[in-house]
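I opened the notebook on this model to look up a few things. The entries below follow the order in which I checked them.

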Amino acid sequence: MPIEPAQLAQSLGALGTLDLEEGLARTLQQVLRSATTLLGVDRVGLMLVDPAGALHWAGASDRVVEASSGDLSVPVQVGDGPVGTLDVYVSASREWDDSEVAALQAYAGLVASLLAAAVSARVTGRLADQLHGALEHRSLIDQAVAILVDREGVDASAAFEWLGTAARSSGCPLVQVARAVVGGAPLPSDRLVQAKAQRREATDLEVAVHRRDSELHEGAARRYQRRGQAGRAQTERLQAAAARGRIIDAEAERRRADRQ
């Protein structure tokens with residue numbers, strides 16, 4: 001849904017004067033709720049880079065404890081580099097208008113200003129500790145973003161999102177992926193990430209079929225055993241074992257393809 005500049009200005013203006021003395025977490029939640037209302041979405045959340053270098057849940061517009069990656073995401077940059085992301089969550093698929101992306105970026109700027117003010121004011125607490133950890137990693141992440149912008153011809157937001165996608169798909173901390181990029185390693189393309197997901201889905205379906213076959217043969221073996229037909233029971237057990245072997249083969253093949 002397109003957002004007019006006047007709507008964005010009114011939404012930001014309605015926040016009035018934000019007061020960090022009320023607590024960083026509470027003040028941020030106030031901002032995130034305002035963004036949720038403007039965008040007409042289920043939730044807006046903040047992810048910050050944790051001390052281990054991975055993107056970690058920091059807060060949301062509601063009382064949710066945790067969430068996965070958002071349906072729309074923009075970086076939050078403090079000082080010399082990005083420290084996290086502002087993420088939008090919706091229950092149904094949705095095409096994002098450029099004005100909606102711009103509005104989320106405006107709110108990301110406001111969040112960044114609050115985080116910077118919290119650092120200057122030496123605010124304490126769990127969220128402040130997480131913020132300090134994020135600040136320690138921003139230089140390396142910013143270097144990786146700059147390399148992707150130059151090498152891949154994308155803008156900074158797309159480069160940072162690409163880093164996050166690669167981190168999630170590989171199960172590695174964001175900082176580890178950034179360090180690999182700075183060292184010259186390529187990132188997996190969106191097509192490769194999609195192919196990996198499709199391969200995993202296909203393997204899961206194949207494994208489900210083989211597991212059902214194994215259960216059916218084991219059930220038949222028990223019935224034959226009760227009837228005193230030991231030979232036929234043994235045949236069914238062998239067929240069940242073969243089905244379990246096909247499960248192992250399918251999963252091994254998926255892992256081999258993923259590595260390639």
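These are my notes on the fold, one helix, a charge pair, a surface patch and one leucine.

**Entry 1, overall.** I worked from a predicted model. I looked up the secondary structure first and found eight helices and four strands in the chain. Reading from the N terminus, I wrote the order down as α-α-β-β-β-β-α-α-α-α-α-α. I then checked burial: the chain has 260 residues, and 38% of them count as buried.

**Entry 2, helix α6.** Which residues of α6 are buried? For this helix, residues 174-182, I listed Leu174, Val175, Val177, Ala178 and Val181. They span an arc of only 160° around the axis, so they sit on the same side of α6. I noted the general background: an α-helix has 3.6 residues a turn, so residues three or four places apart point the same way. I also looked at what comes after the helix. Glycine 184 follows α6, and its phi is positive, near 105°.

**Entry 3, charge pair.** How many salt bridges does the structure hold? I found one. The side chains that meet in it are those of glutamate 218 and arginine 244, at 3.0 Å from N to O. Glutamate 218 belongs to helix α7 (residues 190-226) and arginine 244 to helix α8 (residues 230-259), so the bridge ties together parts 26 residues apart in sequence. I checked the accessibility of each partner. Glutamate 218 has 22% relative accessibility and counts as partly exposed. Arginine 244 has 38% and is also classed as partly exposed.

**Entry 4, surface charge.** I looked for grouped charge on the surface and recorded a positive patch made of Arg222, Arg223, Arg226, Arg227 and Arg232. Which helix gives the largest share of the patch? I assigned that share, three residues, to α7. Arginine 222 is placed in this helix.

**Entry 5, leucine 238.** I found leucine 238 in helix α8. Is leucine 238 buried or exposed? Its relative accessible area is 53%, and I entered leucine 238 as exposed, the cut-off for that class being over 50%. I then took a distance from leucine 238 to serine 214: the C-alpha atoms lie 9.5 Å apart in space, while the two residues are 24 apart in sequence.

How values were computed: Residues are numbered from 1 along each chain as its sequence is written. This is a predicted model: local features need pLDDT of at least 70, side-chain atom pairs count only at pLDDT 80 or more; totals for chains, interfaces and linings use all residues. Side-chain values use heavy atoms; hydrogens and water are left out. Buried means under 20% relative accessible area, exposed over 50%, partly exposed in between (1.4 Å probe, protein chains only). The arc is that of the directions from the helix axis to the C-beta atoms. Patches are made of residues with over 30% relative accessible area and no salt bridge: like charges are joined within 9 Å, nonpolar side chains (Val, Leu, Ile, Met, Phe, Trp, Tyr) within 5 Å. Accessible areas come from the Shrake-Rupley method with a 1.4 Å probe; for residues, only the protein chains shown count as cover. Lys and Arg count as positive and Asp and Glu as negative; His and the chain ends are not counted. The place of a charge is taken as NZ of Lys, CZ of Arg, CG of Asp or CD of Glu.
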